[in-house]
Amino acid sequence: MAENTVQTTGHTWDETLQEYNNPLPNWWIYGLYVTIAFAIVYWVIYPSWPVGKDHLRGIGTVTYTNSAGQPETNGWNTRAKLLKEMQDGDARQKPYFDKIAAMPVSQVVKDPELNSFVLSAGKALFSENCAACHQAGGQGKVGLYPNLADDDWNYGGSVAEIEATLVGGRRGYMPAFGEALEKSQIEAISSYVLGLSGHAVDKVKAAEGNALFHSNTGACYYCHGADAKGRKEFGAPNLTDKVWQWANVPAAADMNGKIAAVRNVVTAGLNKGVMPAWGGENARLNPGQIKLLSIYVHQLGGGK
Amino acid sequence: MFKKFTHEKIETNAGWLIVLTMFAISVGGLVEIAPLFLLDDTIEKVDGVRPYSPLEQRGRDIYIREGCYTCHSQMIRPFRDEQLRYGHYSLAAESKYDHPFQWGSKRTGPDLARVGGKYSNEWHTQHLIQPKSVVPESVMPNYPWLMSPLDASDVADRMRALRTTGVPYSLTQAEFEKNVKQFGEDHARMFHIPNAQTNLVSQAQAGNYDGDNTSVSEMDALVAYLQVLGTMVDFSKIKPEDLVKFR
């Protein structure tokens, strides 16, 4: 650009420093006018300017179903749009949920279309709501959260029982025996319990533990059952299998370690194992989702 | 008239430049902020929203101290994907006692607006001490120092400070009576500043949030706070279309 053809701002700084006063490019200035026109159209269609205690509502509308089941039309806003989208989404899934609710579980899993719906929707629900504790594959954490992928169930492994667990939540509890029993008695009970699952234990101690387990002094049988196979109404686990939920027996290197693992649980008891409730009041999941999730969990490995 | 009022005139006259710049900037503020104080439908009229108990309030302070808000939002937006994952969209009413609100704008971790009741206390404790132990893919840092004792000595002062921002914590018998009417007696007791420290300890003891009842830890406070997030409003009692009309 030649020096004399462009207008300057007229100022001169430091003797020679001048600034060009170029006009805005046409594409830019027309772009500005277009956005202004767009804004005016937008203000008319969508909610916009505040006016007094109200605001311009726009001319866009959304029609959704109100809680009385009647169609209702409201001015366009994000909440109305969301309500409609949720209802449309629910309507698309409704045929599947209806079928699952009406069918016995044994038939749901035989229907390839329904079962693939259970598996895909169940995976999404499980990942968001269950995996934080029970882990992505339902394998759980020893000492913290039960494994859902095996066939050992604290509260029962039928679909109905899993559903009850989901709806109402659970609260695990085992009293502490540290004060009620002597150390040697707890040692004996621990030996007996480990012997139940095939560990080579001191037979004398185990016999003493056996007696305590079934006596009113230890009273272990009351929750774990006379056969020590657990009572699901209390969430008391089966002690005769090799699945360990609270005492990390498999991780212990030797027999002393295994006995110590069991002994610690018997001594201190358990006041954890809290499963939140997902149904009922202020439910996080609706009954259809809970049934679907129950079928999903049932299929993770060891449903009964 | 416009001939005289040129670009050059503004740029070369500091007084005009200041006045017009301030005018241009204030338009944005007036249009976006001022109406919120005038409109009738800014804050939804819903039941259940209450101030935090002393323990929850201290938990909230720890939440802010540890910078949880830099990775976690507390604002479920009205979109289907968000509602399916996190629950009902957040209402303005739900943060009316939050000073400052914890809406956040960054989600490295999930939204926490409705995390209350979703996990057990022991999960929160385990997870805060070492997140990877329960969520292997997590990038959240460990916060093991939360198991240290909570300094509850200044909780009354903290509540007094919040009181000046409009949170209805009570100092006098009359204010207490008013809270009884609005929030019920159990809650109103918790909001009474003279009893703040006793209330804090009793809630921590009763809740035993960190699984260790020998002392009140920062974990007790933080978990108590997390467990109440998003649980105050009972949405089963609200017709969804009523909230729609609020916008």
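How many residues of chain B are in contact with chain A, and how many residues of chain A do they meet? In this predicted model, 32 residues of chain B touch 27 residues of chain A. On the chain B side, four helices each put in at least two residues: α3 (34-38), α5 (80-86), α6 (121-129) and α12 (240-244). Sorted by class, that side of chain B has 14 nonpolar, eight polar and 10 charged residues.

One of these helices, α6(B), deserves a closer look. Eight of its nine residues are buried, so α6(B) is largely enclosed by the rest of the structure. The buried set runs through B:Asn121, B:Glu122, B:Trp123, B:His124, B:Thr125, B:Gln126, B:His127 and B:Leu128. What do these buried residues pack against? From chain A, the partners are α5 (131-134) and β6 (274-275), and from chain B there is α11 (218-228). The surroundings of α6(B) thus come from both chains.

Next, the domains. Chain A splits into domain 1, made of residues 103-171 plus 275-298, and domain 2, covering 183-271. Their C-alpha centres sit 29 Å apart, and the contact between them draws 10 residues from domain 1 of chain A and 10 residues from domain 2 of chain A. On the domain 1 side of that contact, the tally is four nonpolar, three polar and three charged residues. Chain B is also assigned two domains, with domain 1 spanning 7-38 and domain 2 spanning 54-244. Here the C-alpha centres of the two domains lie 40 Å apart.

Two helix pairs can be looked at in the usual way. Packed helices are described by the angle between their axes and by the distance between those axes. In chain A, helix α2 (residues 78-102) packs on helix α11 (residues 287-298) at an angle of about 65°, with the axes 10 Å apart. The two helices are therefore roughly perpendicular to each other, and α2(A) goes past α11(A) in a left-handed crossing. The meeting point brings A:Phe97, A:Ile100 and A:Ala101 of α2(A) up against A:Gly288, A:Lys291 and A:Leu292 of α11(A). By class, these contact residues are four nonpolar, one polar and one charged.

In chain B, helix α7 (residues 155-164) and helix α10 (residues 196-207) pack at about 110°, with an axis separation of 8 Å. This pair, too, counts as roughly perpendicular, but α7(B) passes α10(B) in a right-handed crossing. Helix α7(B) contributes B:Val155, B:Ala156 and B:Met159 to the contact, while α10(B) offers B:Ala196, B:Gln197 and B:Leu200. Five of the contact residues are nonpolar and one is polar, with no charged residues in the mix.

Finally, there is A:Tyr20, which sits in the segment before α1 (26-45) of chain A. Is this residue buried or exposed? A:Tyr20 is exposed, as 10 other C-beta atoms lie within 10 Å, and a residue counts as exposed if that number is 12 or fewer. Leaving out residues up to four places away in sequence, A:Tyr20 touches A:Val6 and A:Thr8. Between A:Tyr20 and A:Ala247 there are 81 Å in space, C-alpha to C-alpha, and the two are 227 residues apart in sequence.

Technical notes:
Residues are numbered from 1 along each chain as its sequence is written. Chains are lettered from A and ligands numbered from 1 in the order in which they are written. This is a predicted model: local features need pLDDT of at least 70, side-chain atom pairs count only at pLDDT 80 or more; totals for chains, interfaces and linings use all residues. Two residues are in contact if their C-beta atoms, placed from the backbone, lie within 7 Å. Ala, Val, Leu, Ile, Met, Phe, Trp, Tyr, Cys and Pro count as nonpolar, Asp, Glu, Lys and Arg as charged, and the others, Gly among them, as polar. Domain bounds come from an automatic or database domain assignment. Axes are lines fitted to C-alpha atoms, for helices over the stretch in contact, and angles run from 0 to 180 degrees between N-to-C directions. Angles under 35 degrees count as roughly parallel, over 145 as roughly antiparallel, 65 to 115 as roughly perpendicular and the rest as oblique. A crossing is left-handed if the near helix is turned anticlockwise from the far one by less than a right angle, and right-handed if clockwise. A residue is buried if 20 or more other C-beta atoms lie within 10 Å of its own, exposed if 12 or fewer, and partly exposed in between; C-beta atoms are placed from the backbone.
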